[in-house]
Amino acid sequence: MAIAQAGRMQCMEVWGGNQSVDRKLTTTGLDLWVYSQPHAASRSGGDVYYVSSCSSGRITRLLLADVSGHGEVVAARANVLRNLMRRHINRINQASLVEAINDDFESESRTGAFATAVIGTFFAPTRTLTICNAGHPSPLIYQVQNKKWIPFGSEQGASEVERNFPLGITVEQSYSNQSCKLGREDLMLCFTDGLLEFKQSDGSLLGEAGLLRLLSQLDCSQPERLIPELLQRLDPDQERINAADDISLMLFQRNNERVSFYDNLAAPFRALKHFFRRQ
């Protein structure tokens with residue numbers, strides 16, 4: 001399998017959607033690899049992915065969601081999510097974004113709209129990653145110091161990784177977050193349940209334990225190869241990967257980039273331009 005196409009995020013950019021993709025992105029602070037394949041080679045699917053970069057580049061925001069419905073229904077939800085990501089692009093605290101997404105899905109609950117999602121914010125100056133899990137499979141983190149993949153949050157001593165209700169289930173739901181410092185060579189892998197529900201050759205589902213076992217066999221020193229090699233281990237012929245459901249993965253690692261003098265200088269003007277466009 002080929003290495004993902006590369007691209008650099010610009011300040012104030014929101015990138016993503018719900019189409020097939022295999023791409024590497026770079027922001028000030030993170031290198032990311034995003035892979036998504038809709039079910040049965042469909043043009044678009046129920047998995048939605050977004051990455052945004054703020055007016056200075058110091059805030060990178062991530063969203064990976066599994067949205068109920070198909071076709072135009074999901075496309076409409078994906079556009080709403082893009083707009084909400086843009087509206088909250090400069091806020092370090094992601095609570096208002098999560099609340100806005102939940103309120104929007106709840107207002108559409110009569111149509112059965114809901115989603116599981118992982119929403120994350122990486123703040124480059126402090127190298128802090130904050131994750132909100134709304135009923136989604138737990139992200140996995142590779143700690144280079146321990147050379148081991150574990151569910152995110154379990155390193156903090158929790159007996160069970162904290163998850164909130166899916167988005168759109170309950171109005172005025174208070175969503176909790178978990179935070180950590182991201183080490184230079186640490187990796188974070190987010191994914192939709194299509195990965196865990198992949199049916200193996202013996203008929204069993206992969207599950208979290210199976211995924212952890214496969215990841216433990218891969219070389220984490222070359223993150224650009226991790227998703228391709230994982231998919232190759234799952235299905236050497238690449239014919240069954242998305243046969244039963246959409247499948248999406250988002251892998252990221254901290255880089256050593258700092259906010260440039262120019263971006264610091266230009267940030268207030270970009271933010272003002274963004275503000276007046278919303279009026």
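**Stop 1: the sheet**

Start with the open sheet of 6 strands, which runs in the order 2-5-6-7-8-11 with antiparallel pairing. Keep in mind as you click around that this is a predicted model. Select residues 14-19 for strand 2 and 178-181 for strand 11: these two stand at the edges, each with a single partner strand, so one side of each has no neighbour in the sheet. Turn the view to look along the sheet, and you can follow a twist that averages 10° from one strand to the next. As a reminder of what holds such an arrangement together, strands of a sheet pair through backbone hydrogen bonds, either parallel or antiparallel.

**Stop 2: the helices on the sheet**

Now add residues 71-87, which are helix 1. Helix 1 packs on the sheet and touches strand 2, strand 5 (44-53) and strand 6 (59-67). Its direction makes about 10° with that of strand 5.

Next, select residues 95-107 for helix 2, which also packs on the sheet. Here the strands touched are strand 6, strand 7 (115-123) and strand 8. Compare directions with strand 7 and you get an angle of about 160°.

**Stop 3: strand 8 and its two partners**

Select residues 128-134, which make up strand 8. How many of the residues of strand 8 are buried? The count is 7 of the 7, so strand 8 is largely enclosed by the rest of the structure. Show the side chains and you'll see them split: Thr128, Thr130, Cys132 and Ala134 point one way, while Leu129, Ile131 and Asn133 point the other way. Both sets are buried.

Strand 8 pairs with strand 7 in the antiparallel sense, over 7 bridges. To find your place along that pairing, look for alanine 117, which stands opposite alanine 134 in strand 8. Strand 8 is also joined to strand 11 by 4 bridges, again running antiparallel. The residue to pick there is threonine 130, with serine 179 of strand 11 opposite.

**Stop 4: two loops with a positive phi**

Stay with strands 7 and 8 and select arginine 127, in the loop between them. The two strands form a hairpin with 4 residues between them, and arginine 127 takes a positive phi near 55°. That is a positive value in a residue other than glycine. Is arginine 127 buried or partly exposed? Its relative accessibility is 28%, so it counts as partly exposed.

Now jump to lysine 147, in the loop between strand 9 (140-143) and strand 10 (148-151). Lysine 147 is not a glycine, yet it has a positive phi of about 50°. This residue is exposed, with a relative accessible area of 62%.

**Stop 5: glycine 45**

Go back to strand 5 and select glycine 45. Glycine 45 is buried, with a relative accessible area of 11%. Which residues does glycine 45 touch, not counting residues up to four places away in sequence? Show Asn18, Pro38, Val74 and Asp246. The last of these is worth a distance label: glycine 45 and aspartate 246 are 201 residues apart in sequence, but their C-alpha atoms are 6.4 Å apart in space.

**Stop 6: helix 4 against helix 5**

Select residues 207-216 (helix 4) and 226-234 (helix 5). Two packed helices are described by the angle between their axes and the distance between the axes. In this pair, the axes come within 10 Å and cross at roughly 120°. Helix 4 and helix 5 are therefore oblique to each other, and their crossing is right-handed.

Turn on side chains to see who makes the contact: Leu211, Leu214 and Leu215 from helix 4, with Leu226, Leu230, Arg233 and Leu234 from helix 5. By class, that gives 6 nonpolar, no polar and 1 charged residues.

**Last stop: the whole chain**

Zoom out and show everything. The protein chain has 6 helices and 13 strands. Of its 279 residues, 52% count as buried. Among contacts between residues at least 6 apart in sequence, 68% join residues at least 24 apart.

Note on methods:
Residues are numbered from 1 along each chain as its sequence is written. This is a predicted model: local features need pLDDT of at least 70, side-chain atom pairs count only at pLDDT 80 or more; totals for chains, interfaces and linings use all residues. Side-chain values use heavy atoms; hydrogens and water are left out. Two strands pair if DSSP finds at least two bridges between them. Axes are lines fitted to C-alpha atoms, for helices over the stretch in contact, and angles run from 0 to 180 degrees between N-to-C directions. Contact means heavy atoms within 4.5 Å. Angles under 35 degrees count as roughly parallel, over 145 as roughly antiparallel, 65 to 115 as roughly perpendicular and the rest as oblique. A crossing is left-handed if the near helix is turned anticlockwise from the far one by less than a right angle, and right-handed if clockwise. Ala, Val, Leu, Ile, Met, Phe, Trp, Tyr, Cys and Pro count as nonpolar, Asp, Glu, Lys and Arg as charged, and the others, Gly among them, as polar. Buried means under 20% relative accessible area, exposed over 50%, partly exposed in between (1.4 Å probe, protein chains only).
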